[in-house]
Amino acid sequence: MNLNLRDKVVVVTGGSKGIGLGIVESLSNEGAIPVIVTRNKASVLDVEASFKNQGKEFFYTIAELTDPDQCKNAVDEVIKKYGRIDALVNNAGVNDGVSLEHGNHKDFIKSLERNLVHYYLMAHHVLPELKKTKGSILNIGSKTADTGQGGTSGYAAANGGRNALTREWAVELLPYGIRVNALIVAECFTPLYEKWIKTFENGDKKLEEINNLIPFENRMTTVEEIADMVVFLLSDKSSHTTGQLIYVDGGYTHLDRSIK
Ligand SMILES: NC(=O)c1ccc[n+]([C@@H]2O[C@H](COP(=O)([O-])OP(=O)(O)OC[C@H]3O[C@@H](n4cnc5c(N)ncnc54)[C@H](O)[C@@H]3O)[C@@H](O)[C@H]2O)c1
């Protein structure tokens, strides 16, 4: 299937690791030009070296996305380099465990800044370009907006916000022919996930328990499975899909809990 993504400039926040990196690789395999926006210089240099070796086009800009000025600068740099932006993937975030009982005002707001506010700012800044290209926006979200997780109010609220903004922007951007969708992740083994699982006393046992709860094949979703759906949703082949929350989660969020 030709997804018509060749030479499309696609900005991926947090694209040098985990799910974001998977999306960058999948985009590149389709001939698109991925642009990584991240604060993580070391990992982005590794990606750059690997892309150079393979002779693939790639660009990055360093930004701490909790800083509004750095969000704007990142978008400006992409426009300066390519003169266009065809799509935005909002992906960077962290499950930072700001709980109801032990959290506080400052940490809760900080969590929203880490996980939600830059989704808005990046979309705001790329919008003039997307209007010209009739581009598309894809927000990565988490099942915690549907299921809760306990002990992570900021992250859960941010993910509820990511879902709501997906619908809200899909409506606001109808006149421009810009589609907006979200891909919801439940369990995907990434560096972030590994860090979280290590917070348990017996991480390996916890991991096995979680795998057993995932209805389809009792395993985590792979980064590639998420990335390929993202690329499909960004492409012309999804030309009448907008305002949708797509769960790529092996049935984890919605199927009968008694399934073993
Ligand atoms: N891994 C999972 O199981 C899972 C489940 C549900 C949702 N998600 C969502 O997927 C997204 C990606 O998660 P992941 O597991 O790939 O994470 P990850 O930590 O493996 O990779 C995220 C990358 O984004 C960068 N980043 C994070 N915050 C940033 C900021 N403020 N400014 C600049 N760069 C920043 C990090 O440095 C890192 O390189 C997150 O938004 C998360 O909410 C992941």
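**Ligand environment and local geometry**

The shell of residues around the ligand comprises 13 nonpolar, 11 polar and 5 charged residues. These assignments, like the others reported here, rest on a predicted model. The shell counts 29 residues in total, of which Ile-19, Asn-91, Tyr-155, Cys-188 and Thr-190 approach the ligand nearest. Several elements of secondary structure contribute to this environment: helix α1 (18-29), strand β5 (136-142), helix α6 (153-172) and helix α7 (191-197) each provide at least two residues of the shell. The ligand itself is located in the largest pocket of the protein.

Polar contacts to oxygen atoms of the ligand involve both backbone and side-chain atoms. For Ile-19, a backbone N or O atom is placed 2.8 Å from a ligand oxygen. For Asn-91, the corresponding distance from a backbone N or O atom to an oxygen atom of the ligand is 2.6 Å. Both Ile-19 and Asn-91 are also among the residues that come nearest to the ligand. A side-chain contribution is made by Arg-162, which has a polar side-chain atom 3.2 Å from an oxygen atom of the ligand. Of the 830 Å² of accessible area that the ligand has on its own, 95% is covered by the protein.

Aromatic pairing was examined next. The structure contains 6 aromatic pairs. One of them joins Tyr-193 and Trp-196 in an edge-to-face arrangement, with a centre-to-centre distance of 5.4 Å and an angle of 70° between the planes. Both partners belong to helix α7, where a separation of 3 residues corresponds to about one turn of the helix. Helix α7 is also one of the elements that supply at least two residues to the shell around the ligand.

The backbone geometry includes positive phi values in residues other than glycine. Asp-7, which is not a glycine, has a positive phi of about 65°, and this residue is situated in the segment before strand β1 (9-13). Lys-134, likewise a residue other than glycine, has a positive phi near 50°. Its position is in the loop between helix α4 (105-133) and strand β5, the latter being among the elements that contribute at least two residues to the ligand shell.

Terms used: Residues are numbered from 1 along each chain as its sequence is written. This is a predicted model: local features need pLDDT of at least 70, side-chain atom pairs count only at pLDDT 80 or more; totals for chains, interfaces and linings use all residues. Side-chain values use heavy atoms; hydrogens and water are left out. A residue is near a molecule or strand if one of its heavy atoms lies within 4 Å of it. A polar contact is a pair of N or O atoms within 3.5 Å; within protein, one must be able to donate a hydrogen and the other to accept it, and residues adjacent in sequence count only if both atoms are side-chain atoms. Accessible areas come from the Shrake-Rupley method with a 1.4 Å probe; for residues, only the protein chains shown count as cover. On a 1 Å grid over the protein atoms alone, a cavity is a set of points where a 1.4 Å probe fits but cannot get out, and a pocket is an open set with protein on both sides within 12 Å along at least five of seven lines; lining residues have an atom within 4 Å of a point. A molecule sits in a cavity or pocket if more than half of its atoms lie within 2 Å of its grid points. Helices (H or I, at least four residues) and strands (E, at least two) are DSSP runs, numbered from the N terminus. Ala, Val, Leu, Ile, Met, Phe, Trp, Tyr, Cys and Pro count as nonpolar, Asp, Glu, Lys and Arg as charged, and the others, Gly among them, as polar. Rings of Phe, Tyr and Trp (its six-membered ring) pair if their centres lie within 6.5 Å; planes under 30 degrees apart count as stacked, over 60 as edge-to-face and the rest as tilted.
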